[in-house]
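Have the model open in a viewer with residue selection ready. The stops below say what to select and what is there.

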Amino acid sequence: MSAAAEILVPGKAGEAEALVLTAPISFWGGVDPKTGRIADVRHPQHGETISGRVLFLPGTIGSSSASAVLMELVHNGRAPAALVLHEPDAILLLGLIVAREMGWETPMAVRLGRDLFEAYRGRTVEVAGDGALTVAA
């Protein structure tokens, strides 16, 4: 399985196990920036770790502090290996942009149709520098 995704924020290419979220998430209060765990007890993937995984986001629940949480995840070495969004979220992606401006290595963020997310569930996914997503052999 391979798909071309649109690069939203350039960053480090990555390969890791996919975590396909089944519901939108709020990063502020929903993700622990120290551990990378989903902290929102109401979220279907509560307790899962987003750190070091290719994170497929069907949507985000807005908070202007989402960018700060993502930036903290990057700074703490707990960021996802890559972010795959159905729709761009300017507030969330600002966290990657600021982290990159701080000189920190950041994961890549790409846009991919939500209808393609399920094909990657539980599989090891490579996100290449050109935005291509491939299931690793």
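Select Asp40 first. At 15% relative accessibility, Asp40 counts as buried, because the cut-off for buried is under 20%. The model is a predicted one. Now add Arg42, which forms a salt bridge with Asp40; their closest N and O atoms are 3.7 Å apart. Arg42 counts as exposed, with a relative accessibility of 71%.

**Other salt bridges**

The count of salt bridges comes to seven. For another of them, select Arg111 and Glu6, whose closest N and O atoms lie 3.9 Å apart. Arg111 is in strand E6 (residues 108-111) and Glu6 in strand E2 (residues 6-9), so this pair links distant parts of the chain, 105 residues apart. Arg111 is partly exposed at 30% relative accessibility, and Glu6 is partly exposed at 44%.

Move on to Glu118 and Arg121. This salt bridge has its closest N and O atoms 2.5 Å apart, and Arg121 counts as partly exposed at 34% relative accessibility. Then go back to Arg111 and Glu6 and add Glu87: salt bridges that share partners join Glu6, Glu87 and Arg111 into one network.

**Ser51 and its loop**

Select Ser51, in the loop between strand E3 (14-20) and strand E4 (54-57). Is Ser51 buried or exposed? With 15% relative accessibility, Ser51 counts as buried. Show its side chain and the backbone of Arg78: the side chain of Ser51 reaches the backbone oxygen of Arg78 at 2.6 Å. Beyond its neighbours within four places in sequence, Ser51 is in contact with Thr35, Gly36, Arg78, Ala79 and Pro80.

**Helix H1**

Next, select residues 66-75, which make up helix H1, and colour its buried residues: Ala66, Ser67, Val69, Leu70, Leu73 and Val74. Why do these residues share a side of H1? They cover an arc of only 165° around the axis, and this puts them on the same side of the helix. To see what covers the buried residues of H1, display strand E5 (82-85) and helix H2 (90-101), which are included in that cover. Just after the helix, stop at Gly77, which follows H1 and has a positive phi, near 70°.

**Leu83 in strand E5**

Stay with strand E5 and select Leu83, which lies in it. Leu83 counts as buried, at 0% relative accessibility. Which residues does Leu83 touch, not counting those up to four places away in sequence? They are Leu55, Leu57, Leu70, Leu92, Leu96, Pro107, Met108, Ala109 and Val110. Leu70 in this list is also one of the buried residues of H1. For a distance check, pick the C-alpha atoms of Leu83 and Val9: they are separated by 9.5 Å, while the two residues are 74 residues apart along the chain.

**A nonpolar patch**

For the last stop, turn on the surface and select Leu94, Ile97, Val98 and Met102. These residues form a nonpolar patch on the surface, with about 320 Å² of accessible area together. Met102 is found in the loop between H2 and E6. At 51% relative accessibility, Met102 counts as exposed, because the cut-off for exposed is over 50%.

Notes. Residues numbered from 1 in each chain as written. Predicted model: local features only at pLDDT ≥ 70, side-chain atom pairs only at ≥ 80, totals over all residues. Heavy atoms only, no water. Buried < 20%, exposed > 50% of the residue type's maximum accessible area, 1.4 Å probe, protein only. Helix = DSSP H or I, 4+ residues; strand = E, 2+ residues; numbered from the N terminus. Arc of directions from axis to C-beta. Contact = heavy atoms within 4.5 Å. Polar contact = N/O pair within 3.5 Å; in protein donor to acceptor, adjacent residues only side chain to side chain. Salt bridge = Lys/Arg side-chain N within 4 Å of Asp/Glu carboxyl O. Patch = residues over 30% accessible without salt bridge, like charges linked within 9 Å, V, L, I, M, F, W, Y side chains within 5 Å. Areas by Shrake-Rupley, 256 points an atom, 1.4 Å probe, with all protein chains shown as cover.
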